Amino acid sequence: MTTLVCTSASKAATPTPYPSFSTYVRARGPVLLRTARSLTANPCDAEDLLQTALTKTYVAWDRIEDHRALDGYVRRALLNTRTSQWRKRKVDEFACEELPEPEAVPATDPAEQQVLHDAMWRAVVKLPERQRAMVVLRYYEDLSEAQTAEVLGVSVGTVKSAVSRALGKLREDPELATVR
């Protein structure tokens with residue numbers, strides 16, 4: 001079995017093809033970083049911006065004729081890169097007069113939820129067996145009218161009418177009237 005070995009790590013110590021580029025970055029790096037920081041609000045973003053601009057400069061190093069104008073070239077690369085980032089940015093927030101968020105609904109008390117659940121179940125248990133089965137299948141098991149009819153072996157119309165009568169009885173149940 002052959003193991004692949006990365007040889008680029010051993011070449012890391014070799015000098016760059018453009019020693020003048022390394023000298024330029026060492027000499028002008030702090031000044032260029034200040035320029036990048038003036039273009040962004042975040043220092044980390046400024047460092048990334050400068051790194052990107054220096055990469056573009058390195059790629060174009062052979063084509064730059066006047067190395068005395070390198071600061072201008074890098075500044076233009078900084079500005080162009082920042083403009084590209086800004087254009088690609090997705091705007092998620094918009095200024096407006098009214099807050100779009102709905103007002104927070106206070107959380108319901110778990111004890112009150114349990115009282116409501118118990119009262120509802122006691123009212124459902126009072127229903128006739130067939131209506132109770134249909135209400136449980138429709139609303140507790142979340143089956144459609146057709147599925148409920150198929151499970152119980154009745155027609156869809158029977159399910160509709162029985163559930164309607166059961167809901168009417170639940171609306172009239174005195175125990176649920178106090179909870180509402």
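This is a walk through the helices of one protein chain and a few of the residues that sit in and between them. Keep in mind as you look that the model is predicted.

Let's start with the whole chain. Its secondary structure amounts to eight helices and zero strands, so reading from the N terminus on, the elements run α-α-α-α-α-α-α-α. Of the 180 residues in the chain, 24% are buried. If you take the contacts between residues at least 6 apart in sequence, 52% of them join residues at least 24 apart.

Now find helix H2, which covers residues 43–59. H2 has 17 residues and reaches 24 Å from its first C-alpha to its last, close to the 24 Å expected at 1.5 Å a residue. At the start of H2, look for Asn42: one of its side-chain oxygens comes to within 3.0 Å of the backbone nitrogen of Cys44.

Which residues of H2 are buried? They are Ala46, Leu49, Leu50, Ala53, Leu54 and Thr57. These residues cover an arc of only 130 degrees around the axis, which puts them on the same side of H2. A general point helps in reading such a pattern: an α-helix has 3.6 residues a turn, so residues three or four places apart point the same way. Turn to the other side of H2 and you will find Gln51 and Val59, which are exposed. What do the buried residues of H2 pack against? Their partners are helix H1 (19–39) and helix H3 (70–88).

Helix H3 gives us two residues to visit. One of them is Asp71, which has its place in H3. Is Asp71 buried or exposed? Its relative accessible area is 17%, and since buried means under 20%, Asp71 counts as buried. The side chain of Asp71 makes a polar contact with the side chain of Tyr24, at 2.6 Å. Setting aside neighbours within four places in sequence, Asp71 is in contact with Tyr24, Arg28 and Leu32.

The other residue to visit is Arg76, also found in helix H3. Arg76 has 48% relative accessibility and counts as partly exposed. From here you can look back to H2: the C-alpha atoms of Arg76 and Ala53 are separated by 8.6 Å, with the two residues 23 apart along the chain. Ala53, you may recall, is among the buried residues of H2.

Next, move along the chain to helix H5 (residues 129–140), where the buried residues are Gln131, Met134, Val135, Leu137 and Arg138. They cover an arc of only 170 degrees around the axis, which puts them on the same side of H5. The buried residues of H5 pack against H6 and H7.

Before going on to those two helices, pause at Asp142, which is found in the loop between H5 and H6. Asp142 has a positive phi of about 60 degrees although it is not a glycine. With a relative accessible area of 63%, Asp142 is exposed.

That brings us to helix H6 (residues 145–152) and helix H7 (residues 156–172). In general, two packed helices are described by the angle between their axes and the distance between the axes. For H6 and H7, the axes come within 8 Å and cross at roughly 105 degrees. H6 and H7 are therefore roughly perpendicular to each other. Which residues make the contact? From H6 they are Glu145, Ala146, Thr148 and Ala149, and from H7 they are Val156, Val159 and Lys160.

Finally, follow H7 from end to end. At 1.5 Å a residue, the 17 residues of H7 should span 24 Å, and its end C-alpha atoms are 25 Å apart, which agrees. The buried residues of H7 are Val159, Ala162, Val163, Ala166, Gly168 and Leu170. Val159 is worth a second look, as it is buried and also takes part in the contact with H6.

Note on methods
Residues are numbered from 1 along each chain as its sequence is written. This is a predicted model: local features need pLDDT of at least 70, side-chain atom pairs count only at pLDDT 80 or more; totals for chains, interfaces and linings use all residues. Side-chain values use heavy atoms; hydrogens and water are left out. Helices (H or I, at least four residues) and strands (E, at least two) are DSSP runs, numbered from the N terminus. The expected span of a helix is 1.5 Å times one less than its number of residues. Buried means under 20% relative accessible area, exposed over 50%, partly exposed in between (1.4 Å probe, protein chains only). The arc is that of the directions from the helix axis to the C-beta atoms. Contact means heavy atoms within 4.5 Å. A polar contact is a pair of N or O atoms within 3.5 Å; within protein, one must be able to donate a hydrogen and the other to accept it, and residues adjacent in sequence count only if both atoms are side-chain atoms. Axes are lines fitted to C-alpha atoms, for helices over the stretch in contact, and angles run from 0 to 180 degrees between N-to-C directions. Angles under 35 degrees count as roughly parallel, over 145 as roughly antiparallel, 65 to 115 as roughly perpendicular and the rest as oblique.
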